[in-house]
Amino acid sequence: MLRPMISLIVILIGLFAIGFASLMWITRVPPQVPATVVDDPALPRLHGEGVLLHGRFAEAEGAPLAVVLHGGPGGDHRSLLALEALSDTYRVLFYDQRGAGLSERVTEARLGMADHLADLDALITAHGGGPVLLIGHSWGAMLATAYLGHRPEVVSRAVLIEPGFLDAEGLTSFESRRAALSRSPRVVWAGLLGGVRARGVTGDAEAARDSIVGTVVHAFANHPANPYHCPGQTYDTPAWRFGSSASDAFWSDPAASLGAIAPGLAFSGPILILAGGCNDWTGAPLQARHIGLFPDARLEVIEGAGHDMVWDKPEETIVAIRSFLASSLRALDQ
């Protein structure tokens with residue numbers, strides 16, 4: 001009886017050793033994590049409220065200001081660069097939010113909604129003031145909504161691209177699906193691989209953790225059960241670098257942001273809400289409910305697009321935004 005048990009233990013040890021060696025082999029090349037504006041002086045930069053931000057303009061000289069707010073929290077503006085097309089009539093400001101993308105990393109205590117709003121204040125004030133057009137994607141659309149309540153007199157109009165949630169009901173629904181996908185074997189395995197692979201990451205103090213969390217976030221978005229991409233397609237939206245602390249600061253207490261978002265729902269100016277036709281999670285069904293939260297909002301569905309429609313269907317998205325801007329401008333002039 002003892003000999004078969006010893007043989008089984010030897011086999012299990014051998015299988016573990018082979019598995020461990022295989023894991024070390026497939027993760028032998030560490031990911032390259034780009035430096036932030038703090039360590040790379042060649043990166044274009046802007047100044048927020050006491051923080052250095054990676055950002056730049058695509059601009060028509062003397063035109064009104066449009067500010068683009070990316071998703072996450074923790075993402076960057078790389079996938080939204082098609083909005084440069086609006087620079088024939090706007091000075092389009094792109095930036096990575098504090099603690100995210102290639103912007104300066106700060107402590108979680110400096111990553112609250114008030115800090116993000118202060119950065120927007122600083123950027124808008126430094127670059128001509130209002131009235132501005134806000135264009136926000138996902139979390140960025142939630143941040144834009146908070147700014148509509150924070151400084152309504154500064155904003156003329158807003159484009160909200162699939163905000164994840166804007167009230168307590170939406171948060172509860174969103175969290176249920178997010179939690180299920182996050183616990184899936186595919187996402188857990190991606191986190192394991194990302195953690196082992198990150199052992200060789202070089203760079204600043206946040207580089208390795210940003211690499212791991214970025215890997216998990218991409219696996220989450222690319223999950224077959226996640227409609228962030230259309231059926232049969234992969235989630236290929238590009239990014240420079242994920243901000244793990246920015247994400248953690250928000251998801252440690254997402255309900256805390258609802259108090260800042262709520263006043264923005266009373267904004268009386270025109271709002272366009274965009275939804276991806278493939279997305280039945282944060283797409284048209286949810287956004288149809290969201291338009292009822294604002295006094296003057298309309299919904300446009302971009303067919304053949306997922307959550308990141310500016311990347312999936314840039315031309316169609318730009319056409320929808322231009323149409324909204326033209327019609328709302330006529331309404332404002334009347």
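Reader: In what order do the 8 strands form the open sheet, and how is the pairing described?

Author: A sheet is read by following its strands from one edge to the other. In this predicted model, the 8 strands make an open sheet with mixed pairing, and the order is S1-S2-S4-S3-S5-S6-S7-S8. Strand S1 (45–47) and strand S8 (297–302) are the edge strands, each of them pairing on one side only. From one strand to the next, the twist averages 25 degrees.

Reader: In which sense do strand S2 and strand S4 pair, and over how many bridges?

Author: Strand S2 (residues 52–59) pairs with strand S4 (residues 91–95) in the antiparallel sense, over 5 bridges. To find this pairing in the structure, one may look at Phe 57, which stands opposite Leu 93 in S4.

Reader: Which strands do helix H2 and helix H3 touch?

Author: For each helix, the strands touched and the direction are read together. Helix H2 (residues 113–126) packs on the sheet and touches S1, S2, strand S3 (65–69), S4 and strand S5 (132–137). The direction of helix H2 makes about 150 degrees with that of S3. Helix H3 (residues 139–150) also packs on the sheet, where it touches S3, S5, strand S6 (155–161) and strand S7 (271–276). Its direction makes about 145 degrees with that of S5.

Reader: How many aromatic pairs does a search of the whole structure find?

Author: The search finds 10 aromatic pairs. A pair is classified by the angle between its ring planes: under 30 degrees it counts as stacked, and over 60 as edge-to-face. Phe 174 and Trp 251 have ring centres 5.9 Å apart and planes at 10 degrees, so this pair is stacked.

Reader: Why does the pair of Phe 174 and Trp 251 tie together parts that are apart in sequence?

Author: Phe 174 belongs to helix H4 (residues 168–182) and Trp 251 to helix H7 (residues 244–251); the pair therefore ties together parts 77 residues apart in sequence. Phe 174 counts as buried because its relative accessibility is 8%, the cut-off being under 20%.

Reader: What other partners does Trp 251 have?

Author: Phe 250 forms an edge-to-face pair with Trp 251, at 4.9 Å centre to centre and with 85 degrees between the planes. Phe 250 counts as buried, at 7% relative accessibility. In addition, the charged end of Arg 178 sits over the ring of Trp 251, 3.8 Å from its centre. Ring pairs also link Phe 174, Phe 250 and Trp 251 into a cluster with Trp 139, Phe 165, Phe 220, Tyr 228 and Trp 281.

Notes:
Residues are numbered from 1 along each chain as its sequence is written. This is a predicted model: local features need pLDDT of at least 70, side-chain atom pairs count only at pLDDT 80 or more; totals for chains, interfaces and linings use all residues. Side-chain values use heavy atoms; hydrogens and water are left out. Two strands pair if DSSP finds at least two bridges between them. Helices (H or I, at least four residues) and strands (E, at least two) are DSSP runs, numbered from the N terminus. Axes are lines fitted to C-alpha atoms, for helices over the stretch in contact, and angles run from 0 to 180 degrees between N-to-C directions. Contact means heavy atoms within 4.5 Å. Rings of Phe, Tyr and Trp (its six-membered ring) pair if their centres lie within 6.5 Å; planes under 30 degrees apart count as stacked, over 60 as edge-to-face and the rest as tilted. Buried means under 20% relative accessible area, exposed over 50%, partly exposed in between (1.4 Å probe, protein chains only). A charge sits over a ring if NZ of Lys or CZ of Arg is within 6 Å of the ring centre and within 35 degrees of the ring normal.
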